[in-house]
Structure formats: structure tokens, C-alpha cells
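Here is a friendly walk through one protein model, best read with the structure open beside the text. We will go from strands to helices, and then to a few single residues.

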Amino acid sequence: MRDCTKFYIDGQWVAPEAANTVDVENPATEETIGQISFGTKADVDKAVAAARRAFESFSQTSREERLTLLRAIQAEIESRKEELATAVSDEMGAPMSLANGPHVGLLAGHCQKAIEILEGFEFERQDGPTLHVWEPIGVVGMITPWNWPLNQIACKVFPALATGNTMILKPSEIAPFNAYIFAEILDAAGVPAGVFNLINGDGPGVGEAISGHPDIDMVSFTGSTRAGVLIAKNAADTVKRVAQELGGKSPNIVLDDGAFAKSVAKGTVAMMGNSGQTCTAPSRMLVPRKRIEEAKAAAKEAAEGVIPGDPKGNAAIGPVVSRTQWDKIQGLIEKGIEEGATLVAGGPGKPEGLETGHFVKPTVFADVDNDMTIAREEIFGPVLCILGYDDYDDAIRIANDTEYGLASAITGEDIELARSLAKRIRAGRVAINGGYDMNAAFGGYKKSGNGREWGEWGFHDFLEVKAVMGHS
């Protein structure tokens, strides 16, 4: 049992202002594995005051001082990788191979990228008689989700630290232990008191207090579009900057070529990773209508090769994070059947032999129309929708016919064709044949959010620009 009932405020582990202990569940076993406290506005006020005090000095630190700090954090991460991976696996059900790999790897990778970028980042630029200066925005409230918890913490905290900001983090109350270890890492690395603060809690108790706080200069949020809208409304009265990475319903256009079956299989497996709990997941696979039957066969074989099971074993995927998520996914699977989509693999209920735990069958629907509920709503589980297109113009029309615009994919042999189609997709990211880059801008169009994270793009979200006229 993990006891994570204290908060990290002003460089100290402190008891909450009011006792409110909440259990945390292992989604694979449905057992309680620890406890946290839910904070209140009073806890947020205390953390904001500490961050505001610390900003006066931390905002004036040199590039070299912040590089030294990030390198110390990097060393602490390296020493606690195994502990971080175990926490992620226990609290959100990721298989240990995934937790040890991408989950912890992204944390370390974002730290390394922040160091590389800070080494050469331009904080001042002379433009004729005017000096443009990029300065830290101030105190930042950060609200992060449970699905890729370390990644989302890292791509906010590291650029904010690198650019001289102070911050208050509210991690997900569903998967909070990794954030607790992260706070211990920052403390051990020597982050000055008040620069980083951690408060656990839910949206109404802590999230609202952060987003509406008059002494917080910016809110950086990753989560659902519904919650993002509420945060933006709550932040409006204080005219603070709001950066959001929200939902997605990403298309994967499979080209009509000799690699078709391989592309379908690859896209199916990609959809199932992390139990489908990825905002950029390629959940709408677009294939030539004339090759639907071929796509069904390839997707069925691939999906049936994705074996769910014990995260501490050799399973390809673990459970989804909670019973609430499981119920939502089951409802949408039932809706797909009700609305006439063809069930190719998986379906309702739990996989055989996995009655305990929030496990979902890797599921594939074909003959999906883009107006169906399963093609419109973010399912956030291992559920793939296959839609047919008549030609590439039709594929682009379907791909863009969504309220989201976070990510997309194009898979096939003709790179020139893929490049031309990529220009026409309305999304923040396009991955050609699984392309991946830690420096690539991350963020969405439309209801998928605003602002950009990752690499140098993430630095700019946490900076104000000042024009000093008559400087030269």
C-alpha cells in the first residue's frame, strides 16, 4: 500500500488543509493499492503563494543555472526508472514492457530535449532599433491526465522550468503515484522551494481552483474536450493564458497499393497500444471501398494477435484504467452494433479468462459510416473503426469530417502521394508510415485544443514576448 496523502508545497511535504483520503485502485486486480488526499482551494492558495514568491528569484536565474538543474533532474530520473515504471503499471494497467519503454522513456526523452533546446534557445533578438525579449510567463497551473501520465507531466514541467517559470501540478487522481515519485525526483535534484508544487485532487476541488485563480498566469491542461471547455470558461475572468491538448478521432488513410494488407495490420496494432487510451490513436482507418473485405481479414488477424492480460506478464495490452472507462467503452461497442457496423473482431464483454480487472476485447468494426456514433466520439479504448473511401479526394473529405484535429496518419508505399495528402489534412500532426520525432510540434486543430507542446514549440507556450523599442 502506497501512502501518498501529503502534498509537495514550497519545498516540503505537508498535510492537506482538510483531511480527505481517497483510495487508488489497480485496474488489473480491482484492489486498492494506496491512498492520496484530495486537496481544496486552501491548498491551492498555499501553493500559489509559494510559487509566486519563488518566481521573483527563479525567473532571474541564468541559462546555465537552469541547465544544471535539468541535468540533476535527468540523473535522478535515471536512478528511479524502475520505480516509475512499476507505479505506472500498477495504477493505470500498462504492461511492464510499455511502462519501462515508452512511458518512462518519454519522461527521460523530454528532459533530454529540454536540455538540448535550452543550450541554444534565443531569449533575445535585435530587430532593427527594437530588442525583442522572451520572458517567463509566471506561475503556471498544470492539469495532467492518467493515460500517458509521465509524458504529459514532462512536456509541461521541463519547458516551464527551462524558461524560468514556477508551477503547481495537479496530476490525475486515478494515476497519481508516478507524479508523487516525480516530485521526489525534483526535490532530490535541488529544485528551489516553491518552484514546483504538487497537489492531488479532482477537477471540482483543485482543477477549478487552479484554472480560476487570479495569481496563476497560465493554465496548461491535457484531457477531454468537455473538461477543457470548462477550464477555459473558468479561466476567462482572469484573462490568463490557456493552453490545451484535448480529444482526438484521428484518421489513418491507407493507400491503395501493394503494401495494403501490411498497412492495415500495422494500423490495427497501433490502435490497440496502451489499450487504445491514447489521444492520437489512429481510431478511424480509411481504406479503398473496393478493398474492404481484404481490410477486414487483415484487421481481424492483427486484432486477434493482440492478447490482453496481466500487466506483469507478457500481455500485449493491459486493462483500461477504470470501471467508468470500461462501462463507457462497452456502451459504445454496443452502439456500433446497434447502428449497423460489422463486428469483425472482439465485441462486448471481457476477454475469456479475465473476469477480474477492467479488460476490453481488442475490437474491430468495419462498414462504418462516418456519421455513426463510433466514428464521431472518442472511444478511448482498443476499438478500431474501418471506413471505406471512393478515391483520395473522398478520403480527405472523410478524414476532415470531424470536430477534432489532433493527429492523423497516412500509410503506404507512395511517399509523394502521402506528402500531398498530408498537406490537405486538418490536424496538428500527420505521421507518414509511423514517422515519429521528439522535436515535432504536438497539439491540435479545432476541438482538439490550442497551443503546442514538445521540443522548442513547448518553450514558446511558457514565454511572453516584450518589445524594447529604441534599444539600438
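In strand E13, Pro251 and Ile253 point one way while Asn252 and Val254 point the other way, and all are buried. This is the pattern to look for, because in a regular strand the side chains alternate between the two faces of the sheet. Please keep in mind that this is a predicted model.

E13 pairs with E14 in the parallel sense, over three bridges. Within that pairing, Asn252 has Met285 of E14 as its bridge partner. Both strands belong to an open sheet of seven strands with mixed pairing, in the order E15-E16-E17-E14-E13-E18-E19. The edges are taken by strand E15 (342-345) and E19; each has a single partner strand, so one side of each is left without a neighbour in the sheet. At the E19 end, E18 and E19 run parallel and are joined by two bridges. There, Ile410 stands opposite Ile432 in E19.

**Helices beside the seven-stranded sheet**

Helix H13 lies across E13 (251-254), E14 (284-288) and E17 (383-389), and runs at about 140 degrees to E17. H13 (392-400) is also one of the elements against which the buried residues of helix H14 pack, together with strands E18 (409-411) and E19 (431-432). Which residues of H14 are buried? In this helix, which spans residues 415-422, they are Ala418, Leu421 and Ala422. They cover an arc of only 100 degrees around the axis, which puts them on the same side of H14. The spacing makes sense, because an α-helix has 3.6 residues a turn, so residues three or four places apart point the same way. At the N-terminal end of H14, Asp414 acts as a cap: one of its side-chain oxygens lies 3.2 Å from the backbone nitrogen of Glu416.

**A smaller sheet**

Another open sheet has three strands in the order E1-E5-E4, again with mixed pairing. Strands E1 (2-4) and E4 (21-26) stand at its edges, each with a single partner strand, so one side of each is left without a neighbour in the sheet. On average, neighbouring strands here are turned by 25 degrees against each other, direction ignored. E1 and E5 (residues 31-37) run parallel and are joined by three bridges; Cys4 stands opposite Ile36 in E5. Helix H6 (residues 177-189) packs on this sheet, where it touches E1, E4 and E5, and its direction makes about 65 degrees with that of E1.

**The nonpolar cores**

In soluble globular proteins, nonpolar side chains tend to be buried together. The largest nonpolar core in this model has 75 residues, and those with the most contacts inside it are Ile73, Val157, Phe158, Leu186 and Phe196. Helix H4 (residues 96-120) supplies the largest share of this core, eleven residues. Leaving aside its neighbours within four places in sequence, Ile73 is in contact with residues including Cys111, Phe158, Leu161 and Leu186. A second, separate core of 30 residues includes Trp326, Val368, Val383 and Ile396.

**Some single residues**

The table sets out the location and relative accessibility of four residues.

| Residue | Location | Relative accessibility |
|---|---|---|
| Thr222 | strand E11 (residues 218-222) | 6%, buried |
| Gln325 | helix H11 (residues 323-338) | 14%, buried |
| Asn433 | loop between E19 and E20 | 29%, partly exposed |
| Lys446 | loop between E19 and E20 | 41%, partly exposed |

Thr222 is a good place to look for contacts between distant parts of the chain. Thr222 and Thr144 are 78 residues apart in sequence, yet 5.3 Å apart in space, C-alpha to C-alpha. Not counting residues up to four places away in sequence, Thr222 touches Ile143, Thr144, Pro145, Gln152, Lys156, Glu245 and Glu453. With Gln152 there is also a polar contact of 3.4 Å between the side chains.

With the same sequence neighbours set aside, Gln325 touches Trp146, Val320 and Phe380.

The two loop residues are worth a look for their backbone. Most residues other than glycine have a negative phi. Asn433, however, has a positive phi of about 50 degrees although it is not a glycine. For Lys446, phi is near 50 degrees, again a positive value in a residue other than glycine.

Key
Residues are numbered from 1 along each chain as its sequence is written. This is a predicted model: local features need pLDDT of at least 70, side-chain atom pairs count only at pLDDT 80 or more; totals for chains, interfaces and linings use all residues. Side-chain values use heavy atoms; hydrogens and water are left out. Buried means under 20% relative accessible area, exposed over 50%, partly exposed in between (1.4 Å probe, protein chains only). Helices (H or I, at least four residues) and strands (E, at least two) are DSSP runs, numbered from the N terminus. The arc is that of the directions from the helix axis to the C-beta atoms. Contact means heavy atoms within 4.5 Å. A polar contact is a pair of N or O atoms within 3.5 Å; within protein, one must be able to donate a hydrogen and the other to accept it, and residues adjacent in sequence count only if both atoms are side-chain atoms. Two strands pair if DSSP finds at least two bridges between them. Axes are lines fitted to C-alpha atoms, for helices over the stretch in contact, and angles run from 0 to 180 degrees between N-to-C directions. A nonpolar core is a set of buried Ala, Val, Leu, Ile, Met, Phe, Trp, Tyr and Cys residues joined through side-chain atoms within 4.5 Å.
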